Amino acid sequence: MKDSPKIELHLHLEGGAPPALIRGMAREKSVDLSGIFRPDGGYAYRDFWHFLSVYEAATSVLQTPEDYARLTTAVLEESAANGVVYCETFLSPDFCGGGDIGAWREYLTAIREAADAVERAHAITLRGIITCIRHFGPERARPIARCAADTAGDWLVGFGMAGDELKGQPGDFRWAFDCAREAGLRITVHAGEWGGAASVRAALDQLAPERIGHGVQAIEDPALVDRLAEDGIVLECCPGSNVVLGVFKDWPSHPIERLRARGVKVTVSTDDPPFFGITMASDYENLTRHFGWDDAIFADVNRTALDAAFCDPATKKIIAKRLGETQA
Ligand code: ADE
Ligand code: ZN
């Protein structure tokens, strides 16, 4: 499955950090991160909420634009090795140099230059979506949205929200989302990973995103599933992430195929692959093993992802060719 071309719409840049890269940076900077690694070298966490704090601890060594360039190169090379031809990555100025918002443009430049170099070598294109972090609260989201609005354009194409969806209400962040939308950024919101169907409804009603990060707990509410299908809301499903974090107890219980069968636009992404010991290729293998997904279904899902991508039409034409589509 590594060779088949894939589109990934939901990948956290810091969440793609190989543990060896973070361990190496910690050593270089004399930061003690020994508590966040298992004896076998992987990341150690007990549950989703502990995962969020381990994730934040790992980002503490990403202190300069050069660190982000190294991170981007490592993440994109791994994506390319899994057949990904187009990727949208979540970036959080909250994590760049410990939240050094004044230096955001330098971080962005370093990330873009690294991504351009990997694109020349491996024919994979990256675009960015700035996310605010829900559990950091709405006040902190405002300067993050301003960073996004100031640098919106052909590369920085979206604004979103990650973090603990059990904290606060999506509408608390309306100012930040209005600011981003006015700057032309497209909107996606994490919901329905841990917060149930009600959290998806709240995100749709209060922030009107065109895509939902995860959204899979919508399956609990048949009327909401109908609404997603009718309104063409795209779900950035991350089934391997959900299974490893315990949102669903195993692959057969995951609702991605039931949602697809009900007409919901589903796509496939990995979220934070080294944290979960997964790859795009392993998720595709599991979708085939557990739900019988074949080449035609994967082609369909990737076409849905390309339609829902936030990049411009010229970029979409290039990506369509990489998918092997004869007409874009
Ligand atoms: N940030 C990184 N990974 C996340 C996830 N799976 N859910 C919410 N916020 C995140
Ligand atoms: Zn996510």
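How many nonpolar, polar and charged residues does the shell around ligand 1 have? Five are nonpolar, four are polar and three are charged. The legends below start with that shell in this predicted model. Residues are numbered from 1 along each chain as its sequence is written, and chains are lettered from A and ligands numbered from 1 in written order. In this predicted model, local features need pLDDT of at least 70, side-chain atom pairs need pLDDT 80 or more, totals for chains, interfaces and linings use all residues, and side-chain values use heavy atoms, without hydrogens and water.

**View 1. The shell around ligand 1.** Ligand 1 is surrounded by residues with a heavy atom within 4 Å of it. From the earlier part of the chain come His 12, Phe 48, Phe 51, Leu 52 and Tyr 55, among others. Ala 162, Gly 163, His 190, Glu 193, His 214, Asp 271 and Asp 272 are also in the shell. Helix 2 (residues 48-59) supplies the largest share, four residues. Helices (H or I, at least four residues) and strands (E, at least two) are DSSP runs, numbered from the N terminus. In the class count, five shell residues are nonpolar (Ala, Val, Leu, Ile, Met, Phe, Trp, Tyr, Cys, Pro), three are charged (Asp, Glu, Lys, Arg) and four are polar (the others, Gly among them). The space that ligand 1 takes is the largest cavity. A cavity is a set of points, on a 1 Å grid over the protein atoms alone, where a 1.4 Å probe fits but cannot get out.

**View 2. Polar contacts of ligand 1.** Pairs of N or O atoms within 3.5 Å count here; within protein, one must be able to donate a hydrogen and the other to accept it, and sequence neighbours count only if both atoms are side-chain atoms. Asp 271 brings a polar side-chain atom to 2.7 Å from a nitrogen atom of ligand 1. Asp 272 has a side-chain N or O atom 2.8 Å from a ligand nitrogen. Gly 163 uses its backbone: a polar atom there is 2.9 Å from a nitrogen of ligand 1. On its own, ligand 1 has 260 Å² of accessible area, and the protein covers 97% of that. Areas follow the Shrake-Rupley method with a 1.4 Å probe; for residues, only the protein chains shown count as cover.

**View 3. Two residues with positive phi.** Most residues other than glycine have a negative phi. Asp 271 has a positive phi, near 75 degrees. This residue lies in the loop between strand 8 (265-268) and helix 11 (273-276). Asp 271 counts as buried because its relative accessible area is 3% (buried is under 20%, exposed over 50%, partly exposed in between; 1.4 Å probe, protein chains only). Ser 30 also has a positive phi, of about 55 degrees, and is not a glycine. Ser 30 sits in the loop between helix 1 (19-28) and helix 2. With a relative accessible area of 68%, Ser 30 is exposed.

**View 4. Thr 72 and Tyr 68.** Thr 72 is placed in helix 3 (residues 65-81). Its relative accessibility is 0%, so Thr 72 counts as buried. A polar atom of the Thr 72 side chain lies 2.7 Å from the backbone oxygen of Tyr 68.

**View 5. Pairs set apart in sequence.** Each separation here runs from C-alpha to C-alpha. Pro 5 belongs to the segment before strand 1 (6-12) and is partly exposed at 28%. Ala 80 is 75 residues from Pro 5 in sequence and 9.3 Å from it in space. Gly 24, in helix 1, is buried at 14% relative accessibility. Val 61 lies 37 residues from Gly 24 along the sequence and 9.5 Å in space. Ile 318 is in helix 14 (residues 313-322) and is partly exposed at 45%. Tyr 86 is 232 residues from Ile 318 in sequence, yet 9.7 Å in space.

**View 6. Ser 199 and Val 118.** Ser 199 lies in helix 7 (residues 196-207). At 8% relative accessibility, Ser 199 is buried. Ser 199 and Val 118 are 81 residues apart along the chain, and 37 Å separates their C-alpha atoms.

Definitions and conventions. 1 Å grid on protein atoms, 1.4 Å probe; cavity = no way out; pocket = protein on both sides within 12 Å on 5 of 7 lines; lining within 4 Å. Sits in = over half its atoms within 2 Å of the grid points.
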